[in-house]
Amino acid sequence: MLEEIKKTAAFIDARTQQFRPEAGIILGTGLGDFAEQIDVKYALEYKDIPGFPVSTVEGHKGRLIFGLLEGRRVVAMQGRFHYYEGYAMTQVTFPVRVMKLLGIGCLFVSNASGGINTSFRVGDLMIITDHINLMPNPLIGPNLAELGPRFPDMHNCYDRELIARATAIAERERIKLQYGVYVGGTGPTFETQAEYRYFKAIGGDAAGMSTVPEVIVARHMGIPVFGVSVITNCGLSDEAGDHEDVQRQGRKAGQKMAVLFREMVKGL
Ligand code: HPA
């Protein structure tokens, strides 16, 4: 596994003339437009990167973008891999491993999610303060000791300093923020009403089908993480989840997220 990760990183390094990104960004469903903020220097299609899986979900482009954002070198995943697509967890998290070897010093993750906290509204941004993992753990299997410990600590999984910085930026930019716990399930079904109530009862504020695997792997390697959920539907309301609606709401709230990410990268 480690050899594969190194091989892919070496391939990308060569293709991007040792661009060496300082920060990684993962763009969730409907949030791919954020890539327009980046002064793109190199863009690699996932299908052209040896070792990379290929994204299959509508609304997810499959590109790795290298460029400048507020003068900082960033790498952005336009489209991510989900467990529900049938990939192994090692495949889902492979790009994060590769980004670490490329040199990233922090990871920004985003997703679309269903609000469980009844004070949340569609279109809200939720800063992820913690998560509950209801998927298979991506670190199951032999430990890649060169990259991190067998039993990684998950305290402060979402970097407190980055959260504080986001709070200050949001106040300055007048962006309304929510804060909460992200519950990561496998999908691809949206939750039943009973499951949303269960997620709420165990301490969740938003439900989604991504993010947790990538964050666990990033923390395994000691990378500070900042995560944002765009609330695209309210789970405990009577309305059903709908993928098109999720994409549309993602795009709308994505503009607020773009300001936040841009300002945060500026402050790195
Ligand atoms: N549940 C799980 N994933 C989601 C949801 C949801 O309600 N909305 C967007 N992604």
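## A buried asparagine contact

A polar contact is a pair of N or O atoms within 3.5 Å; within protein, one atom must be able to donate a hydrogen and the other to accept it, and residues adjacent in sequence count only if both atoms are side-chain atoms. One such contact, of 2.7 Å, links the side chain of Asn111 to that of Thr211. Asn111 belongs to strand S5. Its relative accessibility is 0%, so Asn111 counts as buried (buried means under 20% relative accessible area, exposed over 50% and partly exposed in between, with a 1.4 Å probe and protein chains only). Strands (E, at least two residues) and helices (H or I, at least four) are DSSP runs, numbered from the N terminus.

Two notes before we go on. This is a predicted model, in which local features need pLDDT of at least 70 and side-chain atom pairs count only at pLDDT 80 or more, while totals for chains, interfaces and linings use all residues. Residues are numbered from 1 along each chain as its sequence is written, and side-chain values use heavy atoms, with hydrogens and water left out.

## Around the ligand

Let us turn to the ligand. Its shell (residues with a heavy atom within 4 Å of it) draws on several stretches of the sequence. Ala112, Ser113 and Gly114 are part of the shell, as are Phe190, Glu191 and Tyr196. Ala207, Gly208 and Met209 also surround the ligand, together with Thr232, Asn233 and Val246.

Which residues place a polar side-chain atom or a backbone N or O atom by a nitrogen atom of the ligand? Glu191 has a polar side-chain atom 2.6 Å from a ligand nitrogen. In Asn233, an N or O atom of the side chain is 2.7 Å from a nitrogen of the ligand. Ala207 takes part through its backbone, with an N or O atom 3.5 Å from a ligand nitrogen. On its own the ligand has 260 Å² of accessible area (Shrake-Rupley method, 1.4 Å probe), and the protein covers 96% of that.

Strands S5 (106-115), S8 (206-208) and S9 (225-234) are the elements that give two or more residues to this shell. With three residues, S5 contributes the most. S5 is also the strand that holds Asn111, the residue we started with.

## Two enclosed helices

Helix H6 (residues 212-220) has nine of its nine residues buried, so it is largely enclosed by the rest of the structure. If you would like to click through them, the buried residues are Val212, Pro213, Glu214, Val215, Ile216, Val217, Ala218, Arg219 and His220. The list includes Glu214, Arg219 and His220 alongside residues such as Val215 and Ile216. Just after the helix, Gly222 takes a positive phi of about 80 degrees.

Helix H3 (residues 94-102) is also largely enclosed by the rest of the structure, because seven of its nine residues are buried. They are Phe94, Pro95, Val96, Arg97, Val98, Met99 and Leu102. Gly103 follows H3, and its phi is positive too, near 120 degrees.

## Backbone details in the loops

The loop between helix H1 (2-15) and strand S1 (23-27) is worth a look, starting with Gln17. Gln17 is not a glycine, yet it has a positive phi of about 50 degrees. With a relative accessibility of 59%, Gln17 counts as exposed. Arg20 sits in the loop between H1 and S1 as well, and this non-glycine residue also has a positive phi of about 50 degrees. At 34% relative accessibility, Arg20 counts as partly exposed.

Further along, the peptide bond from Gly187 to Pro188 is cis, with omega near 0 degrees. Pro188 lies in the loop between strand S7 (177-184) and helix H5 (193-201).

## Pairs apart in sequence

Glu36 is found in the loop between S1 and strand S2 (39-45). Its relative accessible area is 68%, so Glu36 is exposed. Along the chain, Glu36 and Ala258 are 222 residues apart, and their C-alpha atoms are separated by 9.8 Å.

Gly148 belongs to the loop between strand S6 (125-133) and helix H4 (160-173). Gly148 is buried, with a relative accessible area of 10%. The C-alpha atoms of Gly148 and Phe66 are separated by 25 Å, and the two residues are 82 residues apart along the chain.
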